[in-house]
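I open this notebook to record what I looked up in one structure. The entries follow the order in which I consulted it.

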Amino acid sequence: MGTTCSLFALDADLARGERWVRRMGERLTRFSPDSELSRLNAHAGEWFPVSAELESVLHAALGAHRMSAGLVNAAVLPSMVAIGYSHSLTHGPSVATLVGAQPLPPLPEMLEVRPGRARVARGSGVDLGGIAKGWMADRLSETLGPACVVNLGGDLRARGRWPIGVGEATLMLRDQGAATSSTRKRRWGDVHHLIDPRTGRPAQTGLEEVSVVAATALEAEVVAKTALLLGPELAPAYCAAHAMAWWLG
């Protein structure tokens with residue numbers, strides 16, 4: 001998944017959990033042409049059969065778009081390619097470029113999901129990114145029992161009571177999620193990976209990092225990214241309405 005993942009639990013099969021994370025990561029990545037997501041993108045313009053898991057994540061992406069008033073838009077793949085983020089940064093930095101970057105259409109215009117199948121609009125492409133990590137953290141936590149922490153690259157879900165570092169503080173989470181959205185990592189040159197769908201370019205909002213606590217890892221992921229894209233003037237009000245705790249940097 002190109003990031004650090006950690007699993008903690010009492011009386012659970014953590015090795016089995018690790019295998020599940022690896023399998024799902026391989027299915028939902030955009031960096032492998034053989035992944036289920038890449039095959040969906042390769043059939044843009046056509047209805048394509050999808051598994052129950054991918055169908056669920058795609059619905060989560062549409063929900064994230066609604067919750068963020070369009071600021072979290074999974075149809076960001078063309079912009080990722082335009083800025084040079086065409087492969088995992090674990091294989092070395094990309095060549096920075098902004099050629100072809102442009103504002104993104106609303107996600108429901110680019111992605112349709114029906115039972116057992118989905119369609120990506122021709123010329124578009126889906127990058128599930130943090131949405132997949134949040135979804136996976138929530139889903140895996142359901143199988144590890146009542147006392148566990150699943151942390152997939154900063155998208156975290158705790159079940160039971162656990163001390164968790166959030167921003168510059170350590171909080172006691174109880175059956176909650178947390179996430180951090182940042183432009184300080186995954187950078188190459190003057191470019192970073194967080195796209196503002198209003199421009200199709202890397203976000204420049206006056207915030208570099210946002211951490212939040214919410215009911216689930218997926219919700220925390222969406223709120224953190226939305227707040228970062230809103231910038232320092234609007235982020236506090238948005239976090240107050242959608243998060244249980246937050247930190248802006």
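The entries below treat the sheets, the helices, the cores, a pocket and two single residues.

**Entry 1. The model**

I note at the outset that this is a predicted model.

**Entry 2. The six-stranded sheet**

I asked in which order the six strands of the open sheet are arranged. I found the order S1-S5-S6-S9-S14-S15, and the pairing is antiparallel. At the edges I recorded strand S1, residues 5-9, and strand S15, residues 245-248, each of which pairs on one side only. From one strand to the next, the twist averages 5°.

I then looked inside the sheet at one pair of strands. Strand S5 covers residues 148-152 and is joined to S6 by five bridges, the two strands running antiparallel. Within this pair, I saw that Asn-151 stands opposite Leu-156 in S6.

Two helices drew my attention next. Helix H1, residues 14-28, lies across S1 and S5 and runs at about 150° to S1. Helix H8, residues 235-242, lies across S15 and strand S14, the latter being residues 209-214. The angle of H8 to S15 is about 160°.

**Entry 3. Arg-159**

I looked up Arg-159 and found it in strand S6, which spans residues 155-159. Is Arg-159 buried or partly exposed? Its relative accessible area is 21%, and buried would require under 20%, so I entered Arg-159 as partly exposed.

Leaving out residues up to four places away in sequence, I listed what Arg-159 touches: Asp-138, Ser-141, Glu-142, Gly-145, Pro-146, Ala-147, Cys-148 and Asp-175. I also checked Arg-159 against Leu-228: they are 69 residues apart in sequence, and their C-alpha atoms are 26 Å apart in space.

**Entry 4. The three-stranded sheet**

I turned to an open sheet of three strands, whose order is S2-S4-S3 with antiparallel pairing. Strand S2, residues 47-49, and S3 stand at the edges; each has a single partner strand, so one side of each is left without a neighbour in the sheet. Neighbouring strands here are turned by 25° against each other on average, direction ignored.

Strand S3 comprises residues 111-114, and I followed its side chains one after another. They alternate: Leu-111 and Val-113 point to one face and are buried, whereas Glu-112 and Arg-114 point to the other face and are not buried.

S3 pairs with strand S4, residues 117-120, in the antiparallel sense over four bridges. I noted two facing pairs: Leu-111 stands opposite Val-120 in S4, and Arg-114 stands opposite Arg-117 in S4. How many residues lie between S3 and S4 in their hairpin? I found two, and Gly-116 in the turn has a positive phi of about 80°. Helix H3 lies across S3 and S4, running at about 130° to S3.

**Entry 5. The nonpolar cores**

I recalled a general point before searching: in soluble globular proteins, nonpolar side chains tend to be buried together. In this model the largest nonpolar core has 42 residues. Which residues have the most contacts inside this core? They are Leu-58, Leu-128 and Ile-131. Helix H3, residues 52-67, supplies the largest share of this core, seven residues.

Apart from this core lies another of 18 residues, among them Leu-71, Ala-179, Ala-227 and Tyr-238.

I then examined Ile-131 by itself. Setting aside neighbours within four places in sequence, I found Ile-131 in contact with Val-57, Ala-60, Ala-61, Ala-64, Val-72, Ala-74, Leu-218 and Glu-221.

**Entry 6. The second largest pocket**

I recorded about 210 Å³ of space in the second largest pocket. The residues lining this pocket are Ala-12, Asp-13, Arg-16, Gly-17, Trp-20, Arg-23, Arg-139, Leu-140, Thr-143 and Leu-144. The elements that give two or more residues to the lining are H1 and helix H6, residues 129-141. H1 contributes the largest share of the lining, four residues.

**Entry 7. Glu-36**

My last residue was Glu-36, whose place is in helix H2, residues 36-42. I entered Glu-36 as buried, because its relative accessible area is 8%. Leaving aside neighbours within four places in sequence, I found Glu-36 in contact with Arg-27, Val-50, Ser-51 and Leu-54. Between the C-alpha atoms of Glu-36 and Gly-154 I noted a separation of 24 Å, the two residues being 118 apart along the chain.

Definitions and conventions: Residues are numbered from 1 along each chain as its sequence is written. This is a predicted model: local features need pLDDT of at least 70, side-chain atom pairs count only at pLDDT 80 or more; totals for chains, interfaces and linings use all residues. Side-chain values use heavy atoms; hydrogens and water are left out. Buried means under 20% relative accessible area, exposed over 50%, partly exposed in between (1.4 Å probe, protein chains only). Contact means heavy atoms within 4.5 Å. Two strands pair if DSSP finds at least two bridges between them. Axes are lines fitted to C-alpha atoms, for helices over the stretch in contact, and angles run from 0 to 180 degrees between N-to-C directions. A nonpolar core is a set of buried Ala, Val, Leu, Ile, Met, Phe, Trp, Tyr and Cys residues joined through side-chain atoms within 4.5 Å. On a 1 Å grid over the protein atoms alone, a cavity is a set of points where a 1.4 Å probe fits but cannot get out, and a pocket is an open set with protein on both sides within 12 Å along at least five of seven lines; lining residues have an atom within 4 Å of a point. Grid points are joined across faces, edges and corners, and a volume is the space filled by probe spheres set on the points.
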